[in-house]
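Morning, everyone. Please have a look at the structure on the screen. I'll keep this short.

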Amino acid sequence: MTDLTKLTIAQARDAMRKGDTTSAEITAACLTAIEDAGALNAFVHKTPEIATEQAAAADARIKAGDAPAMCGIPLGIKDLFCTKGVPSQAASGILEGFKPEYESTVTSQLFDAGAVMLGKLNMDEFAMGSSNETSVYGDAVNPWKVDDRKLTPGGSSGGSASAVAADLCLAATGTDTGGSIRQPAAFTGITGLKPTYGRVSRWGVVAFASSLDQAGPMTKDVRDAAIMLQAMCGHDPKDSTSADLAVPDFEAALTGDIKGKVIGIPKEYRMDGMPAEIAKLWEDGTAMLKDAGAVIKDISLPHTKYALPAYYVIAPAEASSNLARYDGVRFGHRAKLDAGDGITEMYEKTRAEGFGHEVQRRVMVGTYVLSAGFYDAYYNRARRVRALIKRDFDNVFADGVDAILTPATPSAAFGLGEMTDADPIQMYLNDVFTVTVNLAGLPGIAVPTGTDARGLPLGLQLIGRPWEEADLLNVAYSLEQTAGFVAKPTKWW
């Protein structure tokens with residue numbers, strides 16, 4: 001069997017069980033591909049010894065007939081997940097040299113299912129970014145290219161998206177606080193699923209904004225997302241926000257039959273200045289679902305226009321609180337002090353040296369909105385807006401809507417460096433279609449459905465009812481099958 005790195009999870013699972021290939025062979029092919037793809041800067045800590053050992057153990061399990069679906073599947077792990085004995089820096093200088101003594105719940109469950117870790121993946125520092133340009137490791141690069149320009153893979157899970165799109169791994173873990181799985185998935189032509197808040201444990205995932213963060217799979221197609229989510233989720237008593245709910249068989253839900261399903265089209269997402277190709281993609285996706293038997297319904301989410309400002313108050317506020325622990329005392333980077341410096345100087349110098357500019361900006365904004373005199377004016381007001389946004393979704397779903405279709409991003413991937421020196425708000429606008437899902441705690445999935453005039457991938461987003469990932473995945477599967485997106489980046493790296 002050739003092109004082992006191009007296999008989907010489902011294809012690799014079936015091939016290994018038939019004896020057509022082994023995890024060791026697929027893993028070796030991926031490790032070679034990673035070595036050849038240095039120009040993408042997707043993998044930042046490689047773990048070939050661990051991968052080889054895990055692959056051998058997986059092959060033994062498969063041979064013995066004791067093999068869950070993820071057994072033997074080589075994965076990339078976002079640097080935000082703590083992995084025992086392996087650097088886990090959240091792409092930040094302040095966590096330089098940090099090797100956890102424990103495993104995150106997500107990676108532990110994946111490894112218990114027999115998955116193989118190829119290494120840790122690049123990302124925006126502390127998951128704060130939409131272009132993977134805030135990483136201490138340098139920029140991750142999109143495997144798609146136009147006119148010799150290097151493009152962003154999106155962020156914060158940019159390394160994950162780049163690695164999956166370039167066939168360096170069969171799938172990857174990502175996290176999504178305001179679109180950090182769905183936006184890079186759309187930019188790179190892969191599938192990215194953000195589950196319902198509480199569906200996947202956050203324990204052992206370095207925190208950005210605790211009421212918004214959620215881990216999820218980044219895969220080559222919808223079926224793979226269903227398979228991987230099955231292994232990732234489940235109740236975790238170590239996470240107080242983890243839901244004690246049964247885990248459905250997500251793959252079994254992929255029938256493709258969506259006859260009678262009501263798909264909402266929110267008028268508020270038709271924003272001024274929307275590029276014609278994004279509008280057309282949305283119209284085409286709507287027509288595809290209608291042709292598949294779905295009922296299309298115009299809906300209103302009236303508080304959508306307040307989502308982005310509310311998000312950029314709440315998320316920095318929670319980041320300010322979460323990142324207070326990085327002070328040079330317990331772990332990670334500690335600044336060199338001058339004679340006479342005390343603990344205050346140590347805090348100031350360590351945090352100034354360890355945190356990048358974007359993280360510093362958000363921590364300062366978050367500290368400001370939580371300060372006396374501004375807490376009610378900004379933070380509490382944003383929380384009230386968040387409640388209204390969630391109520392909008394609740395009302396729509398109560399009115400019979402099964403899923404909501406929107407664009408995933410306001411454009412295709414842009415060039416690295418294009419927005420670096422611009423007003424930060426321009427970068428934040430990349431999250432305009434995705435932040436509402438996090439504020440409301442809903443599941444959302446980005447599915448590649450077409451390309452722009454330059455041949456770059458574009459994706460649509462489906463938003464589902466809380467805890468109804470199975471139904472959401474089935475609608476996404478129908479859209480994927482109808483759209484028939486099969487383009488892959490031409491190898492240049």
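I'll talk about the sheet, then a helix, then the cavities.

Keep in mind that this is a predicted model.

Start with the sheet. It is open and has 11 strands. The order runs β1-β3-β2-β6-β8-β7-β12-β13-β11-β9-β10, and the pairing is mixed. Which strands stand at the edges? They are β1, residues 43–46, and β10, residues 295–299. Each has a single partner strand, so one side of each is left without a neighbour in the sheet. From one strand to the next, the twist averages 30 degrees.

A quick reminder on pairing. Strands of a sheet pair through backbone hydrogen bonds, either parallel or antiparallel. Here is one pair to find. β2, residues 74–78, runs parallel to β3, residues 116–121, with 5 bridges. In that pair, Pro74 stands opposite Val116 of β3.

Now the helix. α15 packs on the sheet. It touches β7, β9, β11, β12 and β13. The direction of α15 makes about 5 degrees with that of β12.

On to the cavities. How many of 30 Å³ or more does the search find? There are 4 in the whole structure. The largest has a volume of about 70 Å³. Its lining has 13 residues, and the closest to the centre are Ala127, Gly129, Ser180, Tyr311 and Asp431. By class, that lining has 4 nonpolar, 7 polar and 2 charged residues.

The second largest cavity is about 50 Å³. Its lining has 3 nonpolar, no polar and 5 charged residues. Lys261, Asp402 and Arg465 are among them. And α15 comes back here: this helix, residues 469–483, gives the most to that lining, with 3 residues.

Thanks.

Definitions and conventions. Residues are numbered from 1 along each chain as its sequence is written. This is a predicted model: local features need pLDDT of at least 70, side-chain atom pairs count only at pLDDT 80 or more; totals for chains, interfaces and linings use all residues. Side-chain values use heavy atoms; hydrogens and water are left out. On a 1 Å grid over the protein atoms alone, a cavity is a set of points where a 1.4 Å probe fits but cannot get out, and a pocket is an open set with protein on both sides within 12 Å along at least five of seven lines; lining residues have an atom within 4 Å of a point. Grid points are joined across faces, edges and corners, and a volume is the space filled by probe spheres set on the points. Ala, Val, Leu, Ile, Met, Phe, Trp, Tyr, Cys and Pro count as nonpolar, Asp, Glu, Lys and Arg as charged, and the others, Gly among them, as polar. Helices (H or I, at least four residues) and strands (E, at least two) are DSSP runs, numbered from the N terminus. Two strands pair if DSSP finds at least two bridges between them. Axes are lines fitted to C-alpha atoms, for helices over the stretch in contact, and angles run from 0 to 180 degrees between N-to-C directions. Contact means heavy atoms within 4.5 Å.
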